[in-house]
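Work through the exercises below with the model open. Try each task before reading its solution.

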Amino acid sequence: MAPVHPFSRVDRRHRLPSRPVSRRSVLGFVTAAGAAATLAACGGAEGSVSTDHVLSVSLNQTETHPSYLALTKFGELLENATNGRWGARVYANESLGAQQEVVQLVADGAVDMAVISSPQMENLSLRFRPLNLPGVFTDSDHQAAVLKDESIVGELFESLVDSKNLRVLGGFTQGSRHLYTNAPVSSPDDLVGKKIRVQESDVFIALMRAMKASPTPMAYGEVYTALQAGVLDGAENNEISYVTQRHYEVAKHFTLTNHLVGLDYVVAGENTLTKMSNEDREAFLSCFAKAQDYFVELWKTETEKAIDTMKEAGSTIHEIDPSVFGPAIDSVAEQFLSTLEDEELYTKVREHHSAKGDSK
């Protein structure tokens, strides 16, 4: 696979970016200043502290999440591979700002890298939508393979460089998403009239409607109480979230619909890495690829642990034939493929899995 274009940066830990601030709103400038202050104040935080240049990485998850562990591993690998010339420090729990704010900070060079959810990427460019649609990926292994296939995603991942000063390095899975409800579900007919929590997303709303449920957008933190009170009949998410949020206490039936494999993107500011030497750039890309592989294994392990917890807690896991919800899932994807370019990308991704399967 051909390497992605070079990036490099000078160390910004002790100064604000020297770029003009006219590109930012007043709020954006204040946020950038706050982020820079946070970076300076956290000099002793976990991560590389003896390197010449330390990349700042923004994350909205906790320190126990696979994303944090994989990105911390990336920093360690990079420090070793460059003999201390480069490293990375991960700032968890949105300590550098919410994702919509951090995207601009990365573009402006105040933050070096960030993990960005698929809806946020769609806000930057609808060209990313085909990778975020139901049915495009069969599972997290398929997704991980596509994210490393430059013949499929290479041009797309470079598409924001000129317009947004952002480059997509790759991504981390959010896992296969399934339904969990307060009663068994074996077909779309079982969802008629059922209120299912979804994200505030046109795709998710359309998907639940196609599956015959009544989509109910709601803040994630309100789901447990809503399920407990009967305001909701169910929700949809991966096994890890189902367990960590203890939703198994109020929705005992977990149906393996696999209606969507979620995705977080890892982005970097193009101009923050332009001073890296060819040797260090190759190390950077190699270390990030290894971190992606490490994340995949972490995710699998945590998913297996979550399934064990579900069973121990008395949840019933329902396996169903993929064809039960398959037509509904495919119809939603077709609805949101608005251009020939979108259709070609969606088809390439799905055929990638078929080709791999045929070669086994």
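**Exercise 1. List the contacts of Leu131 beyond its neighbours within four places in sequence.**

Step 1. Apply the cut-off: contact means heavy atoms within 4.5 Å.
Step 2. Read off the partners of Leu131: Val136, Phe137, Val153, Leu156, Phe157, Leu263, Tyr265, Leu345 and Val349.
Step 3. Place Leu131 in its core. The largest nonpolar core has 55 residues, and Leu131 and Phe157 touch the most other members. Such a core is a set of buried Ala, Val, Leu, Ile, Met, Phe, Trp, Tyr and Cys residues joined through side-chain atoms within 4.5 Å. Helix α8 (residues 202-210) gives the largest share of this core, six residues. Helices (H or I, at least four residues) and strands (E, at least two) are DSSP runs, numbered from the N terminus.
Step 4. Note the second, separate core of 43 residues, which includes Tyr68, Val243, Phe254 and Ala268.

The model is predicted: local features need pLDDT of at least 70, side-chain atom pairs count only at pLDDT 80 or more, and totals for chains, interfaces and linings use all residues. Residues are numbered from 1 along each chain as its sequence is written, and side-chain values use heavy atoms, with hydrogens and water left out.

**Exercise 2. Decide whether Thr82 is buried or exposed, then find its polar partners.**

Step 1. Locate Thr82: the loop between α2 (66-81) and β2 (86-91).
Step 2. Classify. Buried means under 20% relative accessible area, exposed over 50%, partly exposed in between (1.4 Å probe, protein chains only). Thr82 counts as buried because its relative accessibility is 0%.
Step 3. Find the polar atoms. The Thr82 side chain reaches the backbone oxygen of Leu78 at 2.8 Å. A polar atom of that side chain also lies 3.0 Å from the backbone nitrogen of Trp86.
Step 4. Add the contacts past four places in sequence: Asp280 and Ala283.

**Exercise 3. Describe the surroundings of Ser214.**

Step 1. Ser214 is found in strand β6 (residues 214-217).
Step 2. Its relative accessible area is 29%, so Ser214 is partly exposed.
Step 3. Beyond four places in sequence, Ser214 touches Leu191, Gly193, Lys194, Lys195 and Ile196.
Step 4. Check one pair. Ser214 and Gly193 are 21 residues apart in sequence, and 5.9 Å apart C-alpha to C-alpha.

**Exercise 4. Which element has the lowest mean pLDDT, and which the highest?**

Step 1. pLDDT is the predictor's confidence in each residue, from 0 to 100.
Step 2. Helix α1 (residues 26-41) has the lowest mean, 45, and strand β9 (residues 316-318) the highest, 97.
Step 3. Over residues 1-33 the pLDDT is below 50. Where pLDDT is low, the predicted coordinates should not be read in detail.

Technical notes
A polar contact is a pair of N or O atoms within 3.5 Å; within protein, one must be able to donate a hydrogen and the other to accept it, and residues adjacent in sequence count only if both atoms are side-chain atoms.
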